[in-house]
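The following note is offered to a colleague reading the model beside its sequence. It proceeds by numbered points, each devoted to one topic.

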Amino acid sequence: MPTYNLPHETSINFSKGPEQLLVYIAGEVGIFIPLFLFAFFMIICFSGFFLEQRRTGRGDFSQWFVVAGFLTSGMALFMTFIDGLITIPTVIICIAITIGGALWFLTSRNNN
Amino acid sequence: MGGVKNFIISFVLVAVFSMSLITFGIQTGIDNNSNLSIADDPRIQSFNSSLYSTSQRYDGEVNGSGSAFYNSPPTTGSEGLQILSIPSIVKTLITTPLTIYQLTFGFVIDTIFGSNPIFDVIFTMLGGLVVGIGLLYSWKLVRSGSPD
């Protein structure tokens, strides 16, 4: 009798590559990839904003919103290369948030 | 925000940014034989078709405005020099932000919030605000003669 119970066999097929671990998690927990992208977005957005604020004394939040949105959209696009990792509505929402951020940034900045 | 010049440039840049981002996404999927492509989404397809029809209509309006400007003779009226094509130019200045608003903002709203009629009130207010700003800047341009 084993001293501990082995975990149940999963459907992860590692022969296709190590990224199958992420594909398996994304299949089991639907919100995994959106949460991952959201965390990435927030880290870039807030860290960039506070870094700029610390260095120059003032920060432009909308600017870092667009930067974070663009990077997140790029990451979401690259995730589409792997089958089953991300869904198209998630990618489209990332792109839409980036466009909305660009609208906010370009129409609110002070050009004078 | 500066003036009518910055307002229109901002909207044009947003439209160019949106189109380049979406085109980049579609072309990335094609070039890499991607399993998923954003071109599969029906909203992107409708955005693409509306982009084409709106751009075609806008192209005619801008060309009409340009030819009106070149063909209009400067005349001296009772209050000084007048150019007869000013109304058509003002019309173009108004339709530029409106066209780009329809192209980009409609797509963003539909994607994030769906077609829920509850949000229509908020977006109508937002759209009215943007249109109002554009009209005020156009009026300022006509009154002052300076695009800044």
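1. Helix α4 of chain B, burial. Within α4(B), the residues G134(B), Y137(B) and S138(B) are buried. The structure under discussion is a predicted model, and the remarks below should be read accordingly.

2. Helix α4 of chain B, length and end. This helix covers residues 120-144 of chain B. Its 25 residues, at 1.5 Å a residue, should span 36 Å, and the C-alpha atoms at its ends are 35 Å apart, so the expected and modelled values agree. Immediately after α4(B) comes G145(B), which adopts a positive phi of about 80 degrees.

3. Chain B as a whole. Four helices and two strands make up the regular elements of chain B, and their order along the sequence is α-α-β-β-α-α. Chain B has 148 residues, of which 22% count as buried. When contacts in chain B between residues at least 6 apart in sequence are considered, 69% of them join residues at least 24 apart.

4. A backbone point to check in chain B. Most residues other than glycine have a negative phi. N33(B) is not a glycine, yet it has a positive phi of about 50 degrees. The residue is located in the loop between α1 and α2 of chain B. Is N33(B) buried or exposed? It is exposed, because only 12 or fewer other C-beta atoms within 10 Å are allowed for that class and N33(B) has 8.

5. The contact between the chains. On the side of chain B, 29 residues are in contact with 21 residues of chain A. The helices α1 (4-31), α2 (42-71) and α3 (86-113) of chain B each supply at least two residues to the side that touches chain A. Which helix gives the most to that side of chain B? It is α1(B), with eleven residues. Sorted by class, the side of chain B that touches chain A comprises 13 nonpolar, 13 polar and three charged residues.

6. Chain A as a whole. Chain A contains four helices and zero strands, so that its elements, read from the N terminus, run α-α-α-α. Of its 112 residues, 29% count as buried. Among contacts in chain A with a separation of 6 or more, residues 24 or more positions apart account for 55%.

7. Packing of α2 against α3 in chain A. Helix α2 (residues 32-56) and helix α3 (residues 61-79) of chain A have axes that come within 8 Å and cross at roughly 150 degrees. Because angles over 145 degrees count as roughly antiparallel, α2(A) is roughly antiparallel to α3(A). Their crossing is right-handed. From α2(A), the participants include I33(A), L37(A), F40(A), F41(A) and I44(A); on the α3(A) side they include F61(A), W64(A), F65(A), L71(A) and M75(A). By class, this contact of α2(A) with α3(A) has 16 nonpolar, three polar and no charged residues.

8. Packing of α3 against α4 in chain A. The axes of α3(A) and helix α4 (residues 88-108) of chain A come within 8 Å and cross at roughly 160 degrees. The two helices, α3(A) and α4(A), are therefore roughly antiparallel to each other. Here α3(A) passes α4(A) in a left-handed crossing. Among the residues that meet are S62(A), F65(A), V66(A), F70(A) and L77(A) in α3(A), together with V91(A), I95(A), I97(A), W104(A) and F105(A) in α4(A). The contact of α3(A) with α4(A) has twelve nonpolar, nine polar and no charged residues.

9. Residues that serve both contacts. F65(A) of α3(A) is listed in the contact with α2(A) and also in the contact with α4(A). G69(A), T72(A) and A76(A) of α3(A) likewise appear in the contact with α2(A) and in the contact with α4(A).

10. A closer look at S62(A). This serine lies in helix α3 of chain A. With 19 C-beta neighbours inside 10 Å, S62(A) counts as partly exposed, because a buried residue requires 20 or more. Which residues does S62(A) contact, leaving aside its neighbours within four places in sequence? They are G101(A), W104(A), F105(A) and S108(A). The C-alpha atoms of S62(A) and W104(A) are 6.7 Å apart in space, although the two residues are 42 apart in sequence.

Methods. Residues numbered from 1 in each chain as written. Chains lettered and ligands numbered in written order. Predicted model: local features only at pLDDT ≥ 70, side-chain atom pairs only at ≥ 80, totals over all residues. Axes fitted to C-alpha atoms, helices over the stretch in contact; angles between N-to-C directions. Parallel < 35°, antiparallel > 145°, perpendicular 65-115°, else oblique. Left-handed = near helix turned anticlockwise from the far one by under 90°. Contact = placed C-beta atoms within 7 Å. Nonpolar A, V, L, I, M, F, W, Y, C, P; charged D, E, K, R; others polar. Expected span 1.5 Å × (residues − 1).
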